[in-house]
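User: I have a structure here and would like to know how its descriptive terms are justified. Please set each value against its definition.

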Number of protein chains: 2
Amino acid sequence: MPPPGNAATALAELTALRNGLVVTDPDVVASHERDSAPFCPNGSAAALVRPSTVEEVSAVLRAAHRHGVPVVPQGARTGLAGGANAIDGCLLLSLERMNRIRSIDTTNAVAVVEPGVVNAVLSRAVAEKGLFYPPDPSSWESSTIGGNVATNAGGLCCVKYGVTAEYVRGLQIVLADGRVVRTGRSTAKGVAGYDLTRLFVGSEGTLGVVTEVTLALRPAAGGALTAVSFFPDAASACATVCDYMAGGGQPSLLELMDRLSMDVVRRYKDLGFPDGAGAMVLMQSDRGALAAQDLAEFEKVATGHGGDVVLAENAAESAMLLEARRSVGVATELLGSFISEDACVPRSALVDLVVGVERISRDNDVLITCTGHAGDGNMHPTVVFDPADPEQVRRAGVAFDQVMKLALDLGGTITGEHGVGLLKAEWLETELGADGLELQRDIKRTLDPTGILNPGKVLRS
Amino acid sequence: MPPPGNAATALAELTALRNGLVVTDPDVVASHERDSAPFCPNGSAAALVRPSTVEEVSAVLRAAHRHGVPVVPQGARTGLAGGANAIDGCLLLSLERMNRIRSIDTTNAVAVVEPGVVNAVLSRAVAEKGLFYPPDPSSWESSTIGGNVATNAGGLCCVKYGVTAEYVRGLQIVLADGRVVRTGRSTAKGVAGYDLTRLFVGSEGTLGVVTEVTLALRPAAGGALTAVSFFPDAASACATVCDYMAGGGQPSLLELMDRLSMDVVRRYKDLGFPDGAGAMVLMQSDRGALAAQDLAEFEKVATGHGGDVVLAENAAESAMLLEARRSVGVATELLGSFISEDACVPRSALVDLVVGVERISRDNDVLITCTGHAGDGNMHPTVVFDPADPEQVRRAGVAFDQVMKLALDLGGTITGEHGVGLLKAEWLETELGADGLELQRDIKRTLDPTGILNPGKVLRS
């Protein structure tokens, strides 16, 4: 579809600004029209815009605002909810070229970065200075801080260290009309005015475009040790998670893999999983001198629930145990297409979620592995299907919706860390209620009165 | 001033609702017209309204909205920025009767409370179940959770555990027009829609009225040990704070008292402060088995900066050392009226703040003690004055403004934890800039289109 006239005018203005700012090569544009979510449709973009400075971002939004052209901000497009998918006639606004780490301040434990900085690049840079940036989404080797902020990304170590939002102290934001504002602060605390920083974090590019992030850092964690435990069934694994946490456990990682996840890994690689194990739980403590004691406490709880526990005694053994968790993604990819759910429930309902997902898998005759951040009650039931088989695709969609409904029925949320995007926009009202949704729409209208910022994402158009 | 006609109509409607909901006794009303901030004017309220249920809060706001009557929400009125002060003709909406702890869920480490629950009541109730609610403002024995949420209150242990906002997972809110909505979630994580919970936290009753709070709890902390250290001057004390934190210290308390604070305490009680000490730093670690080691590390850093360190070896000794910090408030009260600043600066600028406050004290010939949460860079310079001496009052006001300007010049904020209220509303634009302030006004207009909610607080009318 050719860009509509108003997009053409905006593009002409932007093309004149700087050589290379606007890319219209159809192959390049097309390669940027989707993120990593299946099931979500994408439109055909008018162009890809690659600003290097906040002034260029502001110019793009001024032009888009003036001419009524939709803008879809993008990071590394590793998102799992279609939040970065193109809309017909839009400008794809890639922030990947704004990828400088502006400063790492060791005295105040603060970093200032541009949105295109890759999570792993920042994490390694601060580690070299003895600091720690905890948020570690699975995509951390490729996803950007801007994308992490846009989705309020989580990860494995959230159970101890929290999600991206908890590290964002301040933002520079380009508003829908091109105005540049700062929110928040660089200090440890601050309550001057409404907390707009948190409003933009997790807003998936629908309220403004992040052009700079001030991040809190932590001291480096202590040495970490890992334990793995195998259980006869999901119920005993979930009971272990709940009891260990309720007993005051502070693991830096507490992951659960169900039987089907283990089967999928078994087909990929022999990691020595015992026959007949119905679920496994991985636990890590990074409390240095206290880690061994934490593992012993975990072992006690797990053994009490019929678990067989293997304790790592050093970093190499810990890495081996963690390989099982990392293998789930790779092993699943080999089976076909898949779509990852992101249900988060109260920890006490974890067993109902895992058992419920097994039932949904059987009922719909579709493979659903269930692995995730058990300590937070945040699981990623993953529906595997053959995209060439329309009937399988249909059943996968039905199962996916049933998992969302299950999460809500258990007092949980449709998305713990992936975001709403396109994928779950129609489920949002079910979770928030009519008045809650209306409040969200009020906020959207206030910050983006002409509706050019990533329309249809989070809130349906 | 008699209530204007529209307030009278609203009051008649509310009086008919329930006996005791509306209080018009002039003495009772007058006793509720101020919070704990000096310098802030208060108006004359039309009535005090004391709802017991969310339905009654909703009825109050519906009536106020219909008749255009301003509403000033109140907790225990321990606030230090005039946020709860009456406006002429307003309804004072006290939430103190909504004081039930609805539930404490040990498996999920979550409590659900009404806004009138006193912080200390909740803290003790969860401690009895082996859990921990960290936010500990100085007012914790009397201030309410609703007030803590409205101001995003901090406290001594923020340096390790963060502020109130970090514990608020979800809210029930009555909007300006009386609609009741829920924000957030009860799960550990969740990104379904814009984060409106954080928008209401710290909004000082200007965007909605909190009627229920879902709070995250932590496992009980480990045993705590305390150290106190005396330094020749503020510079060596501040350098100790910075170096200890930059070295990976994770104190559960890291407080600084300057020379004038120590002098004020000396006049009140002999706590054995050494002669000639120019500043003191209190440090606590609650890492149980690691606490003694943490204290030893702190001692090493402090000694390196010329500090004399006293280490507590048990809980009783720790409590004795902490008495100095607790005595500052009482000792200051004995000297006359005082107004507490709430500057928060990057930790590296702590010394410039403390030394700058000393200079402002000298320049204006007014006593300003400087005590506070040094680990967070959040200090409470406290200006002492005789309210009967207009010239002293004037000089105190000038000094107060100079401290705010100093905080901003040092890259800090005018308020780390007390809030803007009336006291600092005119300084907010200086901190946020014109576009930043306009964005705040946009949010206010969206959520409170007729401007009945605590008008003039946070944002000037």
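User: How many residues does each of chain B and chain A bring to the contact?

Analyst: Chain A gives 72 residues and chain B gives 72 residues, where contact means heavy atoms within 4.5 Å. This is a predicted model, in which local features need pLDDT of at least 70, side-chain atom pairs count only at pLDDT 80 or more, and totals for chains, interfaces and linings use all residues. Residues are numbered from 1 along each chain as its sequence is written, chains are lettered from A in the order in which they are written, and side-chain values use heavy atoms, without hydrogens and water.

User: What area do chain B and chain A bury between them?

Analyst: About 5600 Å², with 61% of it on carbon and sulfur atoms. Buried area is the accessible area (1.4 Å probe) that two parts lose on being put together, summed over both. Of the area that chain B buries against chain A, 17% comes from B:Lys189, B:Val191 and B:Tyr194, more than from any other three residues.

User: What makes A:Arg198 and B:Asp195 a salt bridge?

Analyst: The rule asks for a side-chain nitrogen of Lys or Arg within 4 Å of a carboxyl oxygen of Asp or Glu. The closest N and O atoms of A:Arg198 and B:Asp195 are 3.3 Å apart, so the pair meets the rule. Across the interface of chain B and chain A, four salt bridges are found.

User: Why is H8(A) called oblique to H10(A)?

Analyst: Helix H8 (residues 234-246) and helix H10 (residues 291-304) of chain A pack at about 135°, their axes 9 Å apart. Angles under 35 degrees count as roughly parallel, over 145 as roughly antiparallel, 65 to 115 as roughly perpendicular and the rest as oblique. H8(A) is therefore oblique to H10(A).

Conventions:
Axes fitted to C-alpha atoms, helices over the stretch in contact; angles between N-to-C directions. Helix = DSSP H or I, 4+ residues; strand = E, 2+ residues; numbered from the N terminus.
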